[in-house]
Amino acid sequence: MSTMQHVDPESQNQADGSDGEQENEFKPLTREEAQQWRASQPRISLWRLVGVQLLVGLSSGALAWLFTQSASVAWSVLYGAAAVVLPSALMAYGLTSSALSRLLAGYAQAAFAGFLWWEGVKILLVVAMLWSAPWIVPELNWLGLLAGLVLVLKVYWFGFWIQTRRANLNG
C-alpha cells in the first residue's frame with residue numbers, strides 16, 4: 001500500500017530556504033566606493049576608549065567611597081576597574097604603537113594574528129589580576145570589585161552606542 005504525498009511548491013521553497021527570488025550576485029566595491037564607505041564610517045580611537053574607561057573607573061571608585069565611606073569598597077571598585085583598564089591599555093598599545101603592529105600593518109592576515117595575540121595577552125592579564133586580587137587589595141569586597149569591573153566593561157557598549165548615534169545624526 002503506497003501513500004501519495006502532495007508537496008506544495010510554496011512549502012517546498014520555504015523548506016529549501018529559498019523563496020523563489022534569485023540571490024543577488026556579489027559585486028565588489030570599486031576603489032572610490034570603498035573610500036566613500038570608509039569615510040562614512042565613524043572612527044573609534046582605542047586610546048579614547050581607554051581614557052573613558054579610566055575616567056569611569058576613577059569616578060566609580062570615588063562614588064563608591066562617597067556612598068559607603070569604606071576604603072576597602074572603594075579600593076575594590078578601583079581594582080575591578082583596573083582589571084579592565086590596564087589590559088585594555090596594553091592591548092591598545094600593542095595594536096597601535098608597538099613595533100610589531102607597524103611591521104604587520106600592510107598585511108591583513110598578519111594584522112589579524114596580531115589582534116588575536118594581543119587579545120590573548122589581555123585575557124591572561126585580566127585573569128591574573130582577578131586571581132591575585134585577594135592578595136593585593138586588603139579586605140577585598142568582591143561585590144565592589146565586580147561592580148567596578150562591570151561598569152568599566154560597559155564603556156565599550158556606551159561608546160559604540162554614542163558612535164552610532166553620532167553617525168546617524170551626522171549622516
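Begin by selecting Trp131, which is exposed, with a relative accessible area of 61%, where exposed means over 50% relative accessible area, buried means under 20% and partly exposed lies in between, with a 1.4 Å probe and protein chains only. The model on the screen is predicted, so local features need pLDDT of at least 70 and side-chain atom pairs count only at pLDDT 80 or more, while totals for chains, interfaces and linings use all residues. Residues are numbered from 1 along each chain as its sequence is written, and side-chain values use heavy atoms, with hydrogens and water left out.

Add Trp135 to the selection; Trp135 is exposed as well, with a relative accessible area of 62%. Because Trp131 and Trp135 are four residues apart in helix α6, they are separated by about one helical turn; helices here are DSSP runs (H or I, at least four residues; strands are E, at least two), numbered from the N terminus.

The structure holds two aromatic pairs, and a pair requires ring centres of Phe, Tyr or Trp (its six-membered ring) to lie within 6.5 Å, with planes under 30 degrees apart counted as stacked, over 60 as edge-to-face and the rest as tilted. Select Phe112 and Phe115 for the stacked pair, at 6.5 Å centre to centre and 20 degrees between the planes. Trp131 and Trp135 form a tilted pair, at 5.0 Å centre to centre and 50 degrees between the planes. Phe112 and Phe115 also lie in helix α6 (residues 108–136), three residues apart, about one turn of the helix, and Phe115, at 35% relative accessibility, counts as partly exposed.

Move next to Phe67, which lies in helix α3 (residues 46–68) and, at 70% relative accessibility, counts as exposed. Show Leu63, Trp65 and Leu66 with Phe67, and you have the residues that make a nonpolar surface patch of about 480 Å². Patches are made of residues with over 30% relative accessible area and no salt bridge, like charges being joined within 9 Å and nonpolar side chains (Val, Leu, Ile, Met, Phe, Trp, Tyr) within 5 Å; the areas come from the Shrake-Rupley method with a 1.4 Å probe, and for residues only the protein chains shown count as cover.

Also in helix α3 is Leu46, which counts as partly exposed at 34% relative accessibility. Leu46 touches Ala92, Leu95 and Thr96, not counting residues up to four places away in sequence, where contact means heavy atoms within 4.5 Å. Leu46 and Leu95 are 49 residues apart in sequence, yet 9.0 Å apart in space, C-alpha to C-alpha.

Go on to Ser76 in helix α4 (residues 71–96), a buried residue with a relative accessible area of 0%. Setting aside residues up to four places away in sequence, Ser76 touches Val137, Glu139, Leu140, Asn141, Gly144 and Leu145.

From that list, centre on Glu139, which is found in the loop between α6 and α7 (142–170) and counts as exposed at 68% relative accessibility. Although Glu139 is not a glycine, it has a positive phi of about 50 degrees. Gln69, in the loop between α3 and α4, likewise has a positive phi, near 55 degrees, in a residue other than glycine.

Finish at Glu33, which forms a salt bridge with Lys27, the closest N and O atoms being 3.8 Å apart; a salt bridge is a side-chain nitrogen of Lys or Arg within 4 Å of a carboxyl oxygen of Asp or Glu. Glu33 is partly exposed, with a relative accessible area of 28%, whereas Lys27 counts as exposed at 59%.
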